[in-house]
Amino acid sequence: MTRATTSEFAFELRVCRWAERCWRPAADSAVIVARQLGTRDRRWDTLVLECDPDGLRERARFGPERLDSNLLDVIGHAPAEWGYYREALPDPGYPWRYVRETIHEADDRGILETRRAGNRIEIRRKWPYPDWLERLVVVENKPDLDASAARRLGAQLEFDVALALADEVWVATRRTGERVEPALFEDLPVEAGILAFDPETLSASVVWHPRTLAVDRPGTQILERPSGTARDASAARFAYVDPDVKARTRLEIAERAYERGWRSFVETMRPDCRGFELRAVADRPTRDGECEPRGSQLLPYCRALERQPRAAECSGSCPAFEPEPPAWRMRGWPLEGGPGTRCRALLEARKRRRRP
Ligand code: SF4
């Protein structure tokens with residue numbers, strides 16, 4: 001059997017699968033899992049969105065693509081009855097011509113009604129935009145959490161805790177099987193949860209429970225902090241972040257997660273390389289019986305490197321990259337392209353099937 005993980009990247013994909021199968025939301029919520037998303041200042045490895053099931057169904061009417069910041073401005077405020085867009089929408093704080101472009105885009109996507117009244121554009125909403133995101137949980141994956149990795153991670157987690165953009169912050173680390181998991185001895189913020197994860201059996205145990213962060217109160221953004229050395233007498237710099245700004249940022253992240261999911265890794269890797277392969281890793285039931293995932297997961301494998309490639313190295317700049325021979329596209333896969341195209345299609349289909 002293929003070992004489930006030989007790299008940090010594969011560990012991350014296993015955590016995503018575990019979260020998709022086994023995450024227990026705080027309420028009776030639907031779960032969406034995404035990876036490598038965040039803000040300009042911070043990106044998380046794994047994101048778990050706990051969603052209101054009815055709200056999520058209503059969100060689905062707006063299509064599988066994300067609503068970006070501009071679309072949220074328009075769709076979120078579009079009136080139930082026809083109205084001139086400049087009167088119906090709040091002042092966007094940027095030129096109205098961009099709003100007009102967004103209105104045309106929303107019209108093209110079929111998520112907003114528009115009509116002309118003379119030379120005025122009137123708009124009317126098709127459906128109210130639902131309040132679908134309940135909780136946002138972020139996870140940092142550190143399979144080998146030694147002291148120096150913990151130091152770096154500790155600073156990032158302090159940033160997360162102070163800002164409180166996510167409801168919970170976790171660290172997932174490889175389960176060691178020791179009586180006390182070593183991660184507990186590392187200097188991490190007490191607000192962050194610790195998950196001991198076994199990527200082979202796809203099982204996890206909570207070593208330290210996280211605290212729920214105050215997402216609806218002002219957050220503190222750490223802009224700069226002293227290095228801690230004797231020569232550095234500088235003061236830390238902070239900025240306060242309004243709860244409304246945080247709510248909006250959470251929604252924008254959620255929209256991107258809704259569009260991408262976590263299997264989108266194939267979009268940034270090179271399945272069209274002749275060395276690229278998807279290998280199935282069978283799930284094995286957990287021993288503690290808490291969650292019993294069944295089935296198998298497709299993980300990327302590189303025949304040239306004879307191991308799982310990291311996401312960053314499997315790219316057009318990889319020195320071992322070799323395009324699929326044209327003959328692969330001619331024989332056996334006459335219509336749908338070569339194996340690379342099939343890999344993409346397969347993961348895309350799994351992504352769609354899992355979207356609640
Ligand atoms: S790591 Fe390089 S050689 Fe391997 S599949 Fe990716 S691009 Fe091809």
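Modeller: Helices (DSSP runs of H or I, at least four residues) and strands (runs of E, at least two) are numbered from the N terminus. The model is predicted, with local features needing pLDDT of at least 70 and side-chain atom pairs pLDDT 80 or more, while totals for chains, interfaces and linings use all residues. Residues are numbered from 1 along each chain as its sequence is written.

Colleague: How many helices and how many strands are there in the chain?

Modeller: The chain under discussion has 356 residues. Its secondary structure, in the sense just given, amounts to 10 helices and 13 strands.

Colleague: What percentage of the residues count as buried?

Modeller: A residue is buried if 20 or more other C-beta atoms, placed from the backbone, lie within 10 Å of its own, exposed if 12 or fewer, and partly exposed in between. By that count, the buried portion of the 356 residues is 34%.

Colleague: Which element supplies the largest share of the largest nonpolar core?

Modeller: A nonpolar core is a set of buried Ala, Val, Leu, Ile, Met, Phe, Trp, Tyr and Cys residues joined through C-beta atoms within 7 Å. The largest one holds 53 residues, among which Leu-49, Leu-136 and Val-171 touch the most other members. At least two residues come from each of several elements, including strand S2 (43–51), strand S6 (133–141), strand S7 (168–174) and helix H1 (8–22). The largest share, 8 residues, is that of H1.

Colleague: How many residues make up the second core?

Modeller: This second core is separate from the one just described, and its members include Leu-71, Ala-78, Val-99 and Ala-106. The number of residues in it is 15.

Colleague: Which residue of S7 is the bridge partner of Glu-140?

Modeller: Strands pair if DSSP finds at least two bridges between them, and S6 and S7 meet this with 5 bridges in the parallel sense. Two residues are in contact if their C-beta atoms lie within 7 Å, and Glu-140 is one of the residues that Val-171 touches, along with others including Leu-153, Ala-183 and Ile-194. In the bridge itself, Glu-140 is joined to Val-171.

Colleague: Which strands stand at the edges of the sheet of 6 strands?

Modeller: The sheet is open, has mixed pairing, and follows the order S1-S2-S6-S7-S8-S9. Each edge strand has a single partner, so one side of it is left without a neighbour in the sheet. The edge positions belong to S1 and strand S9 (203–208).

Colleague: Which residue takes a positive phi in the hairpin of S8 and S9?

Modeller: S8 and S9 run antiparallel and are joined by 5 bridges, with Ile-194 standing opposite Trp-208. Between the two strands lie 4 residues, and a phi near 60° is found at Leu-202.

Colleague: Is Leu-89 buried or exposed?

Modeller: Leu-89 sits in the loop between helix H4 (85–88) and helix H5 (96–108), where it touches Val-74, His-77 and Val-99, leaving aside residues up to four places away in sequence. Its C-alpha atom is 8.0 Å from that of Pro-79, a residue 10 places apart along the chain. Because 20 other C-beta atoms lie within 10 Å, Leu-89 is buried.

Colleague: And is Arg-116 buried or exposed?

Modeller: Arg-116 belongs to strand S4 (residues 112–117), and its C-alpha atom is 9.3 Å from that of Tyr-84, although the two are 32 residues apart in sequence. Because just 8 other C-beta atoms lie within 10 Å, Arg-116 is exposed.

Colleague: In the sheet of 3 strands, what is the order of the strands?

Modeller: The edge strands, each pairing on one side only, are strand S3 (83–84) and S4. S4 pairs with strand S5 (residues 120–125) over 6 antiparallel bridges, one of which links Glu-113 to Arg-124. The sheet is open with antiparallel pairing, and its order is S3-S5-S4.

Colleague: How many of the 5 residues of strand S11 are buried?

Modeller: Strand S11 (residues 237–241) runs antiparallel to strand S10 (residues 219–224), to which 5 bridges join it, and Thr-220 has Tyr-240 as its bridge partner. S11 is hardly covered, and its count of buried residues is 0.

Colleague: What percentage of the contacts with a separation of 6 or more join residues 24 or more positions apart?

Modeller: The count takes in contacts in the chain between residues with a separation of 6 or more. Those whose residues are 24 or more positions apart account for 64%.
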